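Visitor: I would love a close look at one single part of this protein. Could you walk me through it slowly?

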Amino acid sequence: MPTETAQSLIVVPTCNGLRDLRRLVASLPEDIDLFVIDSSSSDGTGEYLQAQGIDHLVIAQSEFNHGATRQRALRERPGYAYYIYLTQDACLAEPQALERLLAHFEDPQVGAVCGRQLPHPDANPLAAHARYFNYPAPSRHKRLADAEELGVKAAFMSNSFSAYRADALQAADGFPAHVILAEDMYVAARMLQKGWTVAYAGDACCHHSHNYTPWQEFKRYFDTGVFHASEPWIQDELGGVSGEGRRFVLSELRYLGKAHRVWWPASMLATAMKLVGYHLGKRHSYLPPRLRQAFSMHRGYWN
């Protein structure tokens, strides 16, 4: 086993996703430490973890937060050099994925690495395009100076498949205690501020995608708008994403082409819902509490 892999802990938060969790565990190498934080699942996840002898911690669903729960893994299981985060609905696309992800830490300036996400086999054309657009094949190492070219995407990171150097995570003050989502981007931005390099590993692949409905896209982008409004320092430091939305839409229409023209209306509707959701999220402070919860994918954030 490579040194980086032997010094690593895989952390997976779960909640009522037993079927996906089984798929993820089956894709992992047997000789690496795994720690699951389960938000009191009622679908048999607890019994499965117990039967498989998987190290785990059960927390109340009300305790879960995207940032605080992942930070808790460092407190509950300290001493690892690297912490790998996966979501229950992801799975490794190849046995070498972890080694390829961790290989980027051979550069001592790299504080965090984000792996490439490929669509699941059942992904619809919109979900598949989103993965191909956001997760290209070429790898890249990014520093704060790259924000002039990339804007906020210099801090692009996804905890569906990522790894962090423990020292760098500590230097960045860890994951935030209370965020609606994007705790990964938050930490990556802090690392860039403190002089670390953030890597994208196009050669380390997992499968992860969602066949979102337009209403689910609205909610996801509402939460993204809430995050950007709540953490304005990130765009103040790195810049925005000028033209990214237009590039995505044009890329999606080219990807769909005539072969998937039946998806054109769904594409346009999803785009409109994303746009409205994002701008409402940016202005969430003007909305009554019941609408904030109704519009949000992560309703527990508002409790």
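Guide: Happily; we start with the whole chain and then turn to one histidine.

This is a predicted model, in which local features need pLDDT of at least 70 and side-chain atom pairs count only at pLDDT 80 or more, while totals for chains, interfaces and linings use all residues. Residues are numbered from 1 along each chain as its sequence is written, and side-chain values use heavy atoms, with hydrogens and water left out.

The protein chain has 14 helices and nine strands (DSSP runs numbered from the N terminus: helices are H or I with at least four residues, strands are E with at least two). Of its 303 residues, 50% count as buried, where buried means under 20% relative accessible area, with a 1.4 Å probe and protein chains only.

Now to histidine 66, which sits in the loop between strand 3 (55–58) and helix 4 (68–76). Is histidine 66 buried or exposed? Its relative accessibility is 16%, so histidine 66 counts as buried.

Which residues does histidine 66 touch, leaving aside neighbours within four places in sequence? They are Val179, Ile180, Leu181, Glu183 and His298, with contact meaning heavy atoms within 4.5 Å.

With histidine 298 there is also a polar contact, from side chain to side chain, at 3.3 Å. That term stands for a pair of N or O atoms within 3.5 Å; within protein, one must be able to donate a hydrogen and the other to accept it, and residues adjacent in sequence count only if both atoms are side-chain atoms.
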